[in-house]
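Biologist: Could you pick one part of this model and take me through it closely? I'd like to hear how it sits among the rest, charges and backbone included.

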Amino acid sequence: MIKNSDDIKGMRVAGKLAAQTLEMIGEHVKPGISTGELDKICHDYIVDEIGCIPAPLNYKGFPKSICTSINQVVCHGIPTENRILKSNDIINIDVTVIKDGYHGDTSKMFMVGKAQPHAQRLVDITQECLYRGIEQVKPGARLGDIGHAIQVHAEGNHYSVVREYCGHGIGKVFHEDPQVLHYGQPNTGMSLQEGMCFTIEPMINLGTYKTKLSKTDGWTVETTDGRLSAQWEHTILVTQDGFEVLTQRSEESF
Ligand code: MF3
Ligand code: CO
Ligand code: CO
């Protein structure tokens with residue numbers, strides 16, 4: 001689970017390129033565009049502009065290059081020409097690129113057209129949940145500290161934390177140990193060590209935390225009550241004195 005200095009160099013490059021892809025797609029996310037078009041723009045950018053492989057494409061049979069999860073969709077939404085963005089939608093775009101064998105995995109929320117206050121608030125608090133989780137990361141801290149920080153902030157705002165999907169170790173493998181739960185108790189779970197890399201990617205729901213997997217496509221995960229869900233994701237490196245956000249965008253500072 002501990003990356004060597006060559007691994008860390010590779011993960012920094014992959015993380016930066018994944019972040020760049022999210023920065024690139026922002027201007028395209030507006031009413032009238034389909035998620036299929038967003039997928040094509042990202043795919044072409046990832047392959048042709050930055051010389052990477054889109055990790056989701058054909059991963060365990062996933063058919064597209066990014067995930068697009070709208071409104072009540074929790075994660076793993078499949079882009080399609082048939083779903084056209086409309087004002088008031090909220091959408092998570094999840095990008096994972098492979099560069100020189102290393103994975104960079106990151107996602108963010110976009111508000112489409114005019115944002116509704118209850119949706120904006122869910123999206124903002126979910127981003128704060130990610131940031132509070134990240135702030136826990138340092139050698140000697142434990143995975144439960146991350147989950148607890150996220151859970152307290154989500155539930156303190158009367159939201160719920162999705163249980164069935166979690167963050168993950170990442171490197172030459174897309175999803176590796178450890179599992180990073182977004183709920184838990186302080187001072188429990190695996191201790192963090194310098195050189196570990198993992199994602200934190202809380203999925204926070206307006207209503208129940210319960211989810212259902214689409215029987216039709218086998219991928220799309222939705223809230224059982226049909227209410228909104230939001231998610232933000234970064235790939236994190238544990239450093240000597242804390243953390244480095246490998247997928248940091250230029251609008252962010254840590
Ligand atoms: N990027 C997702 C994650 O954060 C995984 C997507 S897997 C796919 O772990 F097959 F749905 F693309
Ligand atoms: Co991930
Ligand atoms: Co992801």
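Modeller: Let's go for Glu233, which is buried but has no salt bridge. Buried here is under 20% relative accessible area, exposed is over 50% and partly exposed is in between, with a 1.4 Å probe and protein chains only. A salt bridge needs a side-chain nitrogen of Lys or Arg within 4 Å of a carboxyl oxygen of Asp or Glu. The nearest side chain of opposite charge to Glu233 is Arg249, and that is 9.7 Å away; in this count Lys and Arg are positive, Asp and Glu are negative, and His and the chain ends are left out.

A word on the ground rules: this is a predicted model, so local features need pLDDT of at least 70 and side-chain atom pairs count only at pLDDT 80 or more, while totals for chains, interfaces and linings use all residues. Residues are numbered from 1 along each chain as its sequence is written, chains are lettered from A and ligands numbered from 1 in the order in which they are written, and side-chain values use heavy atoms, without hydrogens or water.

Back to Glu233: you'll find it in the loop between strand 13 (229-231) and strand 14 (234-239). Helices (H or I, at least four residues) and strands (E, at least two) are DSSP runs, numbered from the N terminus. Once you set aside neighbours within four places in sequence, the residues in contact with Glu233 include Asp94, Asp105, His168, Glu201 and Leu130; contact means heavy atoms within 4.5 Å.

Follow Leu130 outwards and you land in helix 3, where Leu130 is one of the buried residues, along with Ala119, Leu122 and Ile134, among others. That helix has 19 residues, which should span 27 Å at 1.5 Å a residue, and its end C-alpha atoms are indeed 27 Å apart. The expected span is 1.5 Å times one less than the number of residues.

Helix 3 (117-135) is in turn among the elements that the buried residues of helix 4 pack against, as are strand 8, strand 9 and strand 10 (203-205). Ten of the 14 residues of helix 4 are buried, so the helix is largely enclosed by the rest of the structure. Among them are Leu143, Ile146, Ile150 and His153. Its length works out too: 20 Å expected and 20 Å between the end C-alpha atoms. Just after helix 4, His158 takes a positive phi of about 65°.

Strand 8 has a backbone feature of its own. Pro178 lies in strand 8, and the peptide bond leading to Pro178 from Asp177 is cis, with omega near 0°.

Now for charges that do find a partner. Side chains of opposite charge can pair when their charged atoms come close. The structure holds nine salt bridges. One joins Lys3 to Glu176, at 2.7 Å from N to O. Lys3 is in the segment before helix 1 (5-25) and Glu176 is in strand 8, so this pair ties together parts 173 residues apart in sequence. Lys3 counts as buried at 12% relative accessibility, whereas Glu176 is partly exposed at 24%.

Another salt bridge pairs Arg12 with Glu244, with 2.6 Å between the closest N and O atoms. Here Arg12 sits in helix 1 and Glu244 in strand 15 (residues 242-245), 232 residues apart. Asp89 and Arg83 also meet in a salt bridge, at 3.0 Å from N to O. And remember Arg249? Salt bridges with shared partners join Arg249 to Lys108, Glu251 and Glu252 in one network.

Last stop, the surface. Met190 lies in the loop between strand 8 (176-180) and strand 9 (197-200) and is partly exposed, at 31% relative accessible area. Together with Met1 and Ile2, Met190 forms a nonpolar surface patch of about 250 Å² accessible area. Patches take residues with over 30% relative accessible area and no salt bridge, joining like charges within 9 Å and nonpolar side chains (Val, Leu, Ile, Met, Phe, Trp, Tyr) within 5 Å. The areas come from the Shrake-Rupley method with a 1.4 Å probe, and for residues only the protein chains shown count as cover.
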